[in-house]
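Please take a look at the structure below. Some questions about its helices and strands come after it.

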Amino acid sequence: MELTLSPLVAAAWFTETPWPPVVLLSVLAALAVAGWLGTQRGMYLVAVGVIAAACGAVILVERLVVTEAEIVEQRVRDLADAFRTKDLERTLSFFSATAVPERFAITGAILVVTVHDDLTITDMDVELTAAGSRATSHFRANASVDGIGYAAQGRRPSRWRLTWQKEGADWKVVRIEQLDPVNGAPLDLWRRFALMP
């Protein structure tokens, strides 16, 4: 069971990962154990039990609360998988109807480029803007790539920035930027695949 919250409510949950509060609580538990060892007072053991329960609660809540940023991150992974499997209809379903140049370019790219099963998405960063109605995802995608009319490319690094817009309940891509994998400068080489009418 997942609980998806509105951006306002999700913003109240203070972290995207449970580990910072769990580490802090673990330090407090260690201090309580040290207090018990020094005094043999039962209240310190009770404190350890309460802190352990709080750690469990933090992990449970983090698993149940799905923030908008986590939804966008999953959409990136799903989009990459749809493109890798050459599922054009599913791939285009991630794009806004208003993103016409992106839709043409992605259609051309999916027909020409073959991404192999070794695709990995790393260094994901999602930033929400415009009161949670727009998002920018920045990530690296590395995979073995082949293309029609191109020699086998082998495993290639790439870096991308996608701009997303909330349309109804879904996040849709409105802009794609290909970036230099080393310095992050815009490349947009993928646009050469555009099938403009």
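The questions below deal with helix packing and then with strands.

User: What kind of model is this, and how is it numbered?

Analyst: Side-chain values use heavy atoms, with hydrogens and water left out, and residues are numbered from 1 along each chain as its sequence is written. Local features need pLDDT of at least 70, side-chain atom pairs count only at pLDDT 80 or more, totals for chains, interfaces and linings use all residues, and the model is predicted.

User: Is H2 roughly parallel or roughly antiparallel to H3?

Analyst: Helices are DSSP runs of H or I with at least four residues, and strands are E runs of at least two, numbered from the N terminus. Axes are lines fitted to C-alpha atoms, for helices over the stretch in contact, and angles run from 0 to 180 degrees between N-to-C directions. Helix H2 (residues 19-39) and helix H3 (residues 42-64) pack at about 170°, with axes 8 Å apart. Angles over 145 degrees count as roughly antiparallel and under 35 as roughly parallel, so H2 is roughly antiparallel to H3.

User: Is strand E5 largely enclosed or largely open?

Analyst: Buried means under 20% relative accessible area, with a 1.4 Å probe and protein chains only. In E5 (residues 134-147), 10 of the 14 residues are buried, so the strand is largely enclosed by the rest of the structure.

User: Which residue of E5 is the bridge partner of Ile-121?

Analyst: Two strands pair if DSSP finds at least two bridges between them. Strand E4 (residues 120-129) runs antiparallel to E5 and is joined to it by 8 bridges. For Ile-121, the partner in E5 is Ala-141.

Notes
Angles under 35 degrees count as roughly parallel, over 145 as roughly antiparallel, 65 to 115 as roughly perpendicular and the rest as oblique. Buried means under 20% relative accessible area, exposed over 50%, partly exposed in between (1.4 Å probe, protein chains only).
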